[in-house]
Amino acid sequence: MYSRICCLLTLFIFTCHSELGAGEPVWKNFTASPWFAEQISYQHLEPEVRAIIVAPLPRRIAVEKPTRVVFFATPNGNTIEQTLGCQKQEGRDWHFEIQQIAAQHRQWQAWNPGENLILVCLEAEGLSWPRWRARHPDNPVLIQNIIRSILSEIPLKTPRLTLACHSGGGSFMWGFLNGTDQISEQVDRFLFLDANYSFSVADRHGQKFLNWLQGDEKRCLIVICYDDRNVLFQGKKVIGPTGGTYRATGRMRDRFARELKFQETHSGDLQIASALNGRLTLITHLNPQNRILHTALVGDMNGYLYGMTVNTPPGQQIKLPQGPRQYVRWIQPEPFKEPVVEKAN
């Protein structure tokens, strides 16, 4: 009986959201979403990039408040719809349930009413940012153009930018970093969710991050990884002798430690190395059972939600990336779906 009442209540809430959103004014090139009083816009960007912008309906936006736009690069093998997520359902592709970036983003907005939060999810053709970058040697310039193009669709002035990613989405971040000698002042947070494989001292990634972090006390760099060195899949190690995010995080720490002093703490299986009063935080799950935690770090352990809220006021954050999921009530029942555009005869 109790579960039936909960189901009916959930259906009522979703119906109300749908009715409230229908027919409301939206931004140019946006459509009202049937859930959570949001508006969405699908973008097809050159070359070979598909994106979706998820923003509150205009009535929920306060123009006097600061605006933050989060660019989230999809992991290998995942569409933007799968990355944003929806409820689990029999017969539905499992990718829709594992990351839940949209639901985590909504929970963050509920905790953080002081900002207008807009989420942009980016997908490369072929569902691989590393392969996309290999096809386009001028990718650093292209990535800057993609970001500018997206921002031109958002009619709010001077937003702060957060760049976030999971897995192969980290390649998008390195392309962005390789395209500039100095990270834009507009960016004030980076989040790598088991995605920092290609951190390179030779490419001056560490120096660029250090210069940027030391330029403003509001800037944060957050990295979450796990010990992937001995993880097996079908009896074989999934990581080569020099690869993986555990080793990449070690390279990052070694580079930063040349100029910064880290504080080391532990909580359960988590090892936390932080500097600059927590604005630089490297978290490693020590993974004593040698499990594959690649996606668990993101969805089951609230990785996105944690990374967005590090170094924010109490009441707007979770202390560590760990379960249970904090955002369940914000998961939409169906996937995002790109509108069908009728072709002229």
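User: What does buried mean for a residue here?

Analyst: The model is predicted. Each residue gets a relative accessible area, and exposed residues are over 50%. Buried residues are under 20%.

User: How many residues of helix α4 are buried?

Analyst: Helix α4 spans residues 101-111 and is mostly covered. Among its buried residues are Ile-101, His-105 and Trp-108. The count is nine of eleven.

User: What covers the buried residues of α4?

Analyst: The cover includes strands β2, β3 and β4. Helix α4 lies across β2, β3, β4 and β5. The cover also includes β5, α2 and α10.

User: At what angle does α4 run to β5?

Analyst: The angle is taken between N-to-C directions, from 0 to 180 degrees. For α4 and β5 it is about 165°.

User: Which strands does helix α7 touch?

Analyst: Helix α7 covers residues 170-178 and packs on the sheet. Its direction makes about 145° with that of β7. The strands touched are β4, β5, β6 and β7.

User: Why is α7 largely enclosed by the rest of the structure?

Analyst: Buried means under 20% relative accessible area. Residues such as Phe-172, Trp-174 and Leu-177 are on the buried list of α7. The helix is largely enclosed because the buried residues number eight of nine.

User: Which strands stand at the edges of the sheet?

Analyst: Eleven strands form an open sheet with mixed pairing. The order starts at β1 and ends at β11. An edge strand here has a single partner, so one side is left without a neighbour in the sheet. The edge strands are β1 and β11.

User: In which sense do β6 and β7 pair, and which residue stands opposite Cys-165?

Analyst: Strand β6 runs over residues 160-166 and β7 over 187-193. They pair over six bridges, in the parallel sense. Opposite Cys-165, in β7, stands Phe-192.

User: Is Ile-292 buried, partly exposed or exposed?

Analyst: Ile-292 lies in the loop between β13 and α10. With Phe-233 and Val-238, Ile-292 forms a nonpolar surface patch of about 270 Å² together. Its relative accessibility is 45%, so Ile-292 counts as partly exposed.

User: Is Lys-236 buried or exposed?

Analyst: Lys-236 sits in strand β10. The cut-off for exposed is over 50%. Lys-236 has 63% relative accessibility, so it counts as exposed.

User: What separates the C-alpha atoms of Lys-236 and Asn-116?

Analyst: Along the chain, Lys-236 and Asn-116 are 120 residues apart. In space, their C-alpha atoms are separated by 46 Å.

Technical notes:
Residues numbered from 1 in each chain as written. Predicted model: local features only at pLDDT ≥ 70, side-chain atom pairs only at ≥ 80, totals over all residues. Heavy atoms only, no water. Patch = residues over 30% accessible without salt bridge, like charges linked within 9 Å, V, L, I, M, F, W, Y side chains within 5 Å. Areas by Shrake-Rupley, 256 points an atom, 1.4 Å probe, with all protein chains shown as cover. Salt bridge = Lys/Arg side-chain N within 4 Å of Asp/Glu carboxyl O. Helix = DSSP H or I, 4+ residues; strand = E, 2+ residues; numbered from the N terminus. Buried < 20%, exposed > 50% of the residue type's maximum accessible area, 1.4 Å probe, protein only. Contact = heavy atoms within 4.5 Å. Pairing = 2+ DSSP bridges.
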